[in-house]
There are 2 protein chains.
Amino acid sequence: MKIESVDFHYLSMPVIHDIGDGSQDALLVSVRTDNGLVGWGECEASPLVTIAAWCCPMSHSACKPVSASVLGQKLETVADIRRIHDLVRANSLDLLQADHALSGIDIALWDLLGKALDAPVFRLLGSERAYPKTAYASQLFGDDAAATFAKARRVADAGFKAAKFGWGPYGRGTVARDADLVHAAREGLGADANLLVDAGTVFGDDVEAAALRLPALQSARALWLEEPFVSGALDAYARLAAMSGAVKMAGGEGCHHAHQAISMIQHAGLGFVQIDTGRIGGITSAKQVADHARVHGTRFVNHTFTTHLALCASLQPYAGSAEDSLCEYPCEPSLLADSFTTSKLLPDADGFIRLPEQPGLGIEPDLAALEKYRVDVEIRVAGKTIYPNFKPIP
Amino acid sequence: MKIESVDFHYLSMPVIHDIGDGSQDALLVSVRTDNGLVGWGECEASPLVTIAAWCCPMSHSACKPVSASVLGQKLETVADIRRIHDLVRANSLDLLQADHALSGIDIALWDLLGKALDAPVFRLLGSERAYPKTAYASQLFGDDAAATFAKARRVADAGFKAAKFGWGPYGRGTVARDADLVHAAREGLGADANLLVDAGTVFGDDVEAAALRLPALQSARALWLEEPFVSGALDAYARLAAMSGAVKMAGGEGCHHAHQAISMIQHAGLGFVQIDTGRIGGITSAKQVADHARVHGTRFVNHTFTTHLALCASLQPYAGSAEDSLCEYPCEPSLLADSFTTSKLLPDADGFIRLPEQPGLGIEPDLAALEKYRVDVEIRVAGKTIYPNFKPIP
């Protein structure tokens, strides 16, 4: 079979708020082959800019639109996905946003191939079975300690054995206020749950500012401090890791190429590498990172703050690794993200998430529910409409 | 003064060929302040996708259009440029293409501030003087050894003391053919010139394939092998560097954040770090890298294959470093790139390039000459035209 068309579906809440909630819009991708099969994926990315990366005019041989490396390609084996993946990386080397566009396409290719070969994606990736993962409730910090306590209590009551608090006021005020936030989260969760803290890159590369937060994290027994710095600030991560004791460093969600995540594993002192399949180049790149992390003894965790399609895709690369037992579970989705799929991956009574055993990803978008969130895009270049109804130059 | 408007000027040759020549299109940026001053910059990036990164709808608090962090900002001191720069990085953290958009804007901010303060940019950066640089003629390999010999002879005859050959057939055929290409280049240049070879990331992360090319590079006395691998493949670079003897590793042009280049300096065994100010986040980020490279003993070189505006911007960050003596000099520009500016940085009789001493960059685009290369872009989202005439939401 051959890839006949790729369609992007830009979906958005009617109003986008200036908060860290990445589920307020979405870019759903469908890939269709000439035998009528359809695979679905999602880019964790700016929808408009990613669509532009798909259809833009070529600038030179290493700055081609992503479409140039995807449309018309043969898709019959896992090797074909890897070949298409490598082709996009080479042909769009200098097109920065291409990695985010590739991510959703790559996920859709795995879904489609799984459907064609009647196998779940994790099995195509070489995993005999998908181990259940402990869902950690992923949410933003409350605006103050009391609000954070209430949020923590709510997810503990809902049965979560682990929870993460991030962004919001953390790192933006005094060290004492941050300590209050972290202790409130611990108190709300109870003594036994895993507590995770996400600084949302707020410290830039200021190791000293981040280090001032370590005592509170240690006394509240946080399992990790996530993204004190931006992805790629290897030296800052490594310096903080050397001081952090039982609190591990977590990071990597910003990586858009397997090499970047592998470099973080090698040089940033990470305890946990967090990969968003919707950014790193899809399931293909995420699996490379998962394999490398396992050899290196670094724990792999998904990064997912949006839909259950994204969640399902993000779990495939490490489904076969029993040791990598945690799973980020979005628990404050927007109405859009909440209505995204016709089924969901719900935690069981023990707080475990299990991947579907159906072919492909085993989860489908709810197109009828999504209809009202659709955003039309039209792009004209030199007087010609290049999107929608993009037709590559023959 | 305050930033009143930013305009993008998408320029393109009428036909784009599928070759490594990145000068076939361009994205010129102008920034205007409320007192009527104008600064100019250039993004080394896909024009359409970069424009989309400027004007796209917000996705969440860390995925805002670049415009959100630039328009209306105060611009009076160097600290203001750094503040605006940091604001873009934070507000557009998850918008991958933002770094390429920021690059051209940042360059224009330095140009504008230099004009406002009546100082060349290198002086604003703290360099008392701009040291002359030895221009190396940067060009693509010929299709075969004979064509490469002829190209080498031509630049030697033109007086260049150094030349680089890259892309084209190199790394795509046999080891013997690559050896012929490299030896032909050396023969054409003569024994005394610096010979540089650019593999254009052709080896992916295949260290063994790249290592097979080392003997020919060593016997032809190449100063460096550039980009055997993609930026960020730190381990592959470091392994090849350990085998390469007198042939140094050069790389870094793909970096879009100072952290990435600093990681390459620290962990990739680079002899030369090559920074494109049009990609890394502008002059601000390039200067951070130059400062770090100097401390670490790695040589800094510009990456420029396009216009003399880009060339002039790319030299500012290391103008004050006498030890960093080489300068990539585009010598096969498209007609568009060749007519880009009203003046040029021409090598003197000894092959040296000198920066202008005028305020700002000291070079201006030739708007009349560029008129015929203009490409109109129109972007509509949800029925509203967001580009051109982008008006941010108040």
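In the predicted model, V29(B) has G41(B) as its bridge partner in β3(B). This pair belongs to the antiparallel pairing of strand β2 (residues 25–33) of chain B with β3(B), which extends over six bridges. The two strands, β2(B) and β3(B), form a hairpin with four residues between them, and within the turn G36(B) adopts a positive phi of about 90°. Strand β3 (residues 38–43) of chain B is mostly covered, five of its six residues being buried.

A second hairpin is found in chain A, where β13(A) and β14(A) run antiparallel and are joined by three bridges. In this hairpin, V381(A) stands opposite K384(A) in β14(A), and two residues lie between the strands, with A382(A) taking a positive phi near 50°. Strand β13 (residues 377–381) of chain A is also joined by five bridges to strand β13 (residues 377–381) of chain B, and these two strands run antiparallel. Across this pairing, V377(A) stands opposite V381(B) in β13(B), while R380(A) has E378(B) as its bridge partner in β13(B).

Taken with the outer strands, these pairings give an open sheet of four strands in the order β14(A)-β13(A)-β13(B)-β14(B), with antiparallel pairing. The edges of the sheet are occupied by β14 (384–387) of chain A and β14 (384–387) of chain B, each of which has a single partner strand, so that one side of each is left without a neighbour in the sheet. On average, and with direction ignored, neighbouring strands of this sheet are turned by 30° against each other. Helix α1 (residues 47–55) of chain A lies across β13 and β14 of chain A together with β13 of chain B, and it runs at about 45° to β13(A). Helix α1 (residues 47–55) of chain B likewise packs on the sheet, where it touches β13 of chain A together with β13 and β14 of chain B, its direction making about 45° with that of β13(B).

With regard to the contact between the two chains, 50 residues are taken from chain B and 50 residues from chain A. On the side of chain B that touches chain A, the elements giving two or more residues are α1, α3, α9, α10 (258–267) and β13 of chain B. The residues on this side of chain B divide by class into 23 nonpolar, 19 polar and eight charged.

Within chain A, the division is into domain 1 (3–120 + 367–387) and domain 2 (124–353), and the centres of these two domains, taken over C-alpha atoms, are separated by 26 Å. The contact between them involves 34 residues of domain 1 of chain A and 31 residues of domain 2 of chain A. On the side of domain 1 of chain A that touches domain 2 of chain A, at least two residues each are supplied by β3 (38–43), α2 (78–91), α3 (98–117) and α14 (367–370) of chain A. Of these, α3(A) gives the most to that side of domain 1, with twelve residues. By class, the side of domain 1 of chain A that touches domain 2 of chain A has 18 nonpolar, ten polar and six charged residues.

In chain B, helix α3 (residues 98–117) packs with helix α11 (residues 282–296) at an angle of about 90°, with the axes of the two helices 5 Å apart. With angles of 65 to 115 degrees counted as roughly perpendicular, α3(B) is therefore roughly perpendicular to α11(B). The contact is made by L102(B), S103(B), I105(B), D106(B), I107(B) and W110(B) on α3(B), and by G282(B), I283(B) and T284(B) on α11(B). By class, this contact of α3(B) with α11(B) has five nonpolar, three polar and one charged residues.

Also in chain B, M243(B) is found in the loop between α9 (234–241) and β8 (248–251). M243(B) is classed as exposed because 11 other C-beta atoms lie within 10 Å, the cut-off for an exposed residue being 12 or fewer. When its neighbours within four places in sequence are left aside, M243(B) is in contact with A211(B) and L214(B). M243(B) and V78(B), which are 165 residues apart in sequence, are 43 Å apart in space, C-alpha to C-alpha.

Technical notes:
Residues are numbered from 1 along each chain as its sequence is written. Chains are lettered from A and ligands numbered from 1 in the order in which they are written. This is a predicted model: local features need pLDDT of at least 70, side-chain atom pairs count only at pLDDT 80 or more; totals for chains, interfaces and linings use all residues. Two strands pair if DSSP finds at least two bridges between them. Axes are lines fitted to C-alpha atoms, for helices over the stretch in contact, and angles run from 0 to 180 degrees between N-to-C directions. Two residues are in contact if their C-beta atoms, placed from the backbone, lie within 7 Å. A residue is buried if 20 or more other C-beta atoms lie within 10 Å of its own, exposed if 12 or fewer, and partly exposed in between; C-beta atoms are placed from the backbone. Angles under 35 degrees count as roughly parallel, over 145 as roughly antiparallel, 65 to 115 as roughly perpendicular and the rest as oblique. Ala, Val, Leu, Ile, Met, Phe, Trp, Tyr, Cys and Pro count as nonpolar, Asp, Glu, Lys and Arg as charged, and the others, Gly among them, as polar. Domain bounds come from an automatic or database domain assignment.
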